[in-house]
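Thanks for sharing this one. Here are some notes to read alongside the coordinates, in no strict order.

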Amino acid sequence: FTWIISLYLYFQLTKNDIVANDTRVQTEQPWHKYNSINEPSQKYSSKDKSYLKKGSSNFLNSGKLIKKLQPVLAPPSHKDKVEEELMNLGIVRNSKDQEIRDEGYKTHAYNVLVSTRLGYNRSVPDTRNKLCKDVTYAKGLPSASVIICFYNEHMPTLLRTIHSVLDRTPKHLLEEILLIDDQSDIPNLHEDIDDYLKKNNMSKVKLLKPETREGLIRARLFGARRAQGKVLVFLDSHVEVNVAWIEPLLSRIAEKSSTVVMPIIDIINADTFAYTSSPLVRGGFNWGLHFKWENLPKGTLDKNEDFVKPIKSPTMAGGLFAIDKKYFIDMGEYDAGMNIWGGENLEISFRIWMCGGSLELIPCSRVGHVFRHRRPYGSPDGKDTMLHNSLRVAYVWMDDYKQYFLNQRSDAKNIDYGDISSRLQLRKELKCHDFDWYLKNVYPELALPTDDEEHLKKKMPDKFQPWHSRKRNYVAQYQIRLANTSLCVQSSKDTKTKGSSLILGVCAKNKRQMWYETDKNELVLAQLLCLQAGKSSPILYKCHEMGGNQEWKHKGGKQTPIYNMAAGTCLGVSKKAVNATLTMKLCNDPELSNWDLVV
Ligand code: LR7
Ligand code: MN
């Protein structure tokens, strides 16, 4: 419980209780929603509720509720310590912290308070399958140029990306890191990075800057054309590579230069920076030409050794992959007519498969990526570059199948997608298969849209996703009573209205006050909606299962603060009175932010 002590240490610091937590949009990146965690050793995703006395050994799965909440004084595990440290790093101590945090969410869409406090060299859990540790790689692997493009990246996060590569890549395999500053306009960012690299003698890292803002596609081309290594490795600017991440990638390319390989992309939580393992899923797409993750075909992971073998993938997410440099050039690099963001991932995926190469996931290579809830930047002219770029994909690569995309995008009619003649020429020169071949041979699982389906999809998109029916695991049930009172936290409306605020009411055994805690530290009212830290006060919202603003920590029992991982602040109340509104406050006022969990 040292975190509780740390919380109290900050009590004296300030009395300021303004708190904000942006209302953030959920995007299409559905990692967290997969219920088919198919790795046998997912030791970092399960929750160990050691402070709870368990009613029966299998209560997590049986759905039964524990009757008693009693602290058990077991020594904290390594995982507990890591979690506790992250919790401490997120604490908002005063209004200055609050400002930094809010500004960070605006500019970067993640928690810069935590990221800054983490420093440049943290270790991350080794999320590889055990069998990966026994794999040995040939001597004389080709050397790599790691290309990292960035636009307005948060400097400590970028530096941690760079240090993770330097720390976890054998020297002889790393030719250089090319840092491409895509005309960031944060004052002094470029100079500060340059200074840092010079002061620390990081001569392997080359900071370059194109003359204009190019967008990530042309910025990568700019980097690739200057690279000296035999293999190009592309990374986003907010990642952390895991142990022995590069060897399996290089070794596969050394076997066959037309194989393009990707690490498994682990999750760095944008609110807490917790690093967790991702399940093995492959890349697909839908007819709106959005990339999506999907479960592997049945039979892909039958045997133990299947967890270390390359897995074929119809598409790539886009940001993290390795490719032989000569192959990259010979097969047409990227489409330089694409702007800023989007579409290049499907373009290069279709091209690889259709023109004689293959695209694979390498399970023993793992890289964590910060998954944000929204993209914090746009294009300079405000246009939808994803649509522009997707049209180029459709017209160059999809033959008659492009009609399915166009049917979905009535707004695509009058968009000028530029000159595609050189890309059509490339397709001819490379003697590529047609799109029908790709669908039949690489992605037979993709269904063609029917009118029926499209209609339904518009109405209720979620129902079509495999994760929709995940069973929640409840580990406790209680009322949340303000310490030394008989007032309990309840919904201001009923239990099912999204967006309802929370108030204090006289404690009574009714479902408006019945909180269910899940194994993901969510607090679910009447098993319906989740308690979510909002912009200064909490609200009830649909459970999104991404932790962060719906992840609450407490020590159980009586007189406990209830701390929110994303907000860095505690559940509190404006005054001790019936109907008083719940707020998010600094954790420095036991009178108004200590709670008894009443079973
Ligand atoms: O104008 C720009 N110039 C840049 O240099 C805009 C962006 N960038 C940089 C940016 O700083 C970052 O390092 O380009 C990189 C990617 O941009 P993000 O992080 O905003 O993109 P994303 O992670 O949301 O999007 C995914 O899809 C993109 C489609 O164009 C790219 O392919 C990203 O690389 C890709 N990221 C991943 O695949 C990581 C896994 C996420 C998933 C799914
Ligand atoms: Mn990214």
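The points below go from the chain as a whole to the ligand, then to single elements and residues.

1. A word on the whole chain to begin with. Please keep in mind that this is a predicted model. The chain has 17 helices and 24 strands. Of its 599 residues, 41% count as buried. Among contacts with a separation of 6 or more, 76% are between residues 24 or more positions apart.

2. Next, the ligand. Ligand 1 is surrounded by 23 residues, and the closest are Cys149, Ser237, Ala317, Gly318 and Gly319. By class, this shell is made up of 10 nonpolar, 8 polar and 5 charged residues. Three elements each supply at least two of its residues: β1 (144–150), α8 (215–224) and α11 (344–354). Which element gives the most to the shell? That is α8, with 3 residues.

3. Helix α3 is a good one to turn on screen. The helix covers residues 78–89, 12 in number, and reaches 17 Å from its first C-alpha to its last, close to the 16 Å expected at 1.5 Å a residue. Its buried residues are Glu83, Leu86 and Met87. Looking down the axis of α3, you will find these buried residues within an arc of 105 degrees, so they line one face of the helix. The general rule helps here: an α-helix has 3.6 residues a turn, so residues three or four places apart point the same way. On the face of α3 turned away from the buried side sit the exposed residues His78 and Lys81.

4. Now to strand β14, residues 487–491. Is this strand mostly covered or mostly exposed? Mostly covered, as 5 of its 5 residues are buried. Leu487, Val489 and Ser491 point one way, while Cys488 and Gln490 point the other way. As a reminder, side chains in a regular strand alternate between the two faces of the sheet. The pairing of β14 with β15 (residues 502–506) is antiparallel and runs over 5 bridges. Within this pair, Leu487 stands opposite Val506 of β15.

5. Strand β23 (residues 582–585) deserves a similar look. Both of its faces are covered, with Leu582 and Met584 buried on one side and Thr583 and Lys585 buried on the other. β23 pairs with β22 (residues 570–573) in the antiparallel sense, over 4 bridges. Lys585 in β23 is the bridge partner of Cys570.

6. Lys558 is a loop residue worth a stop. You will find Lys558 in the loop between β20 (552–553) and β21 (563–564). Lys558 has 15 C-beta neighbours inside 10 Å and therefore counts as partly exposed. Apart from neighbours within four places in sequence, Lys558 is in contact with Ala483 and Asp596. Its C-alpha atom is separated by 6.4 Å from that of Trp595, 37 residues apart along the chain.

7. Last, a residue in a helix. Val165 belongs to α6 (residues 155–168). Why does Val165 count as buried? Because 24 other C-beta atoms lie within 10 Å of Val165. Beyond its neighbours within four places in sequence, Val165 is in contact with Val146, Ile177 and Val241. The C-alpha atoms of Val165 and Ile177 are separated by 8.6 Å, with the two residues 12 apart along the chain.

Note on methods
Residues numbered from 1 in each chain as written. Chains lettered and ligands numbered in written order. Predicted model: local features only at pLDDT ≥ 70, side-chain atom pairs only at ≥ 80, totals over all residues. Near = placed C-beta within 6 Å. Nonpolar A, V, L, I, M, F, W, Y, C, P; charged D, E, K, R; others polar. Expected span 1.5 Å × (residues − 1). Buried ≥ 20, exposed ≤ 12 C-beta atoms within 10 Å, placed from the backbone. Arc of directions from axis to C-beta. Pairing = 2+ DSSP bridges. Contact = placed C-beta atoms within 7 Å.
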